[in-house]
Amino acid sequence: MAASVGVLQLELVIPGSSSLKDKRAILRSMKDRMRRNFNVAVAEVDNHDHWQIATLGIVTVSGEAPFCEAQLRKVLEFAETYRDAEVSDYQIDVL
């Protein structure tokens, strides 16, 4: 049985952020909730120096590809309803 890896790349706009410190606080809260609620790995992977945009990489592993995709869709839905950030783009890949 081969493991499947699901990867979600989220492009976020953080309109309420007025500094990198604000951005980090918002992202920390968002990433902690994703980890806790969906058991995924989350990291900021790009746009580190821009205080109103962020790129997150989210990964999950399972024995079944459909489970990976379903889990990442739930994370995406969470991100789309998150009050402090707006999803501007996303990409889901299951390997």
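**Exercise 1.** Place Ser 4, which lies in strand β1, within its surroundings, and determine whether Ser 4 is buried or exposed.

*Solution.* Strands here are DSSP runs of E with at least two residues, and helices are runs of H or I with at least four, both numbered from the N terminus. The model is a predicted one, in which local features need pLDDT of at least 70 and side-chain atom pairs count only at pLDDT 80 or more, while totals for chains, interfaces and linings use all residues. Residues are numbered from 1 along each chain as its sequence is written, and side-chain values use heavy atoms, with hydrogens and water left out. Ser 4 has a relative accessible area of 10% and is therefore buried, a term for values under 20%, with exposed meaning over 50% and partly exposed in between (1.4 Å probe, protein chains only). A polar atom of the Ser 4 side chain lies 3.4 Å from the backbone nitrogen of Ala 65.

**Exercise 2.** Establish which residues touch the most other members of the largest nonpolar core.

*Solution.* Such a core is a set of buried Ala, Val, Leu, Ile, Met, Phe, Trp, Tyr and Cys residues joined through side-chain atoms within 4.5 Å. Among its 22 residues, those sought are Leu 8, Leu 10, Met 30, Met 34, Leu 56 and Ile 58. Two or more residues each come from β1 (4–13), α1 (20–38), β3 (53–62) and α2 (65–80).

**Exercise 3.** Decide whether Ala 2 is buried or exposed.

*Solution.* Ala 2 belongs to the segment before β1, and because its relative accessible area is 63%, Ala 2 is exposed.

Notes. A polar contact is a pair of N or O atoms within 3.5 Å; within protein, one must be able to donate a hydrogen and the other to accept it, and residues adjacent in sequence count only if both atoms are side-chain atoms.
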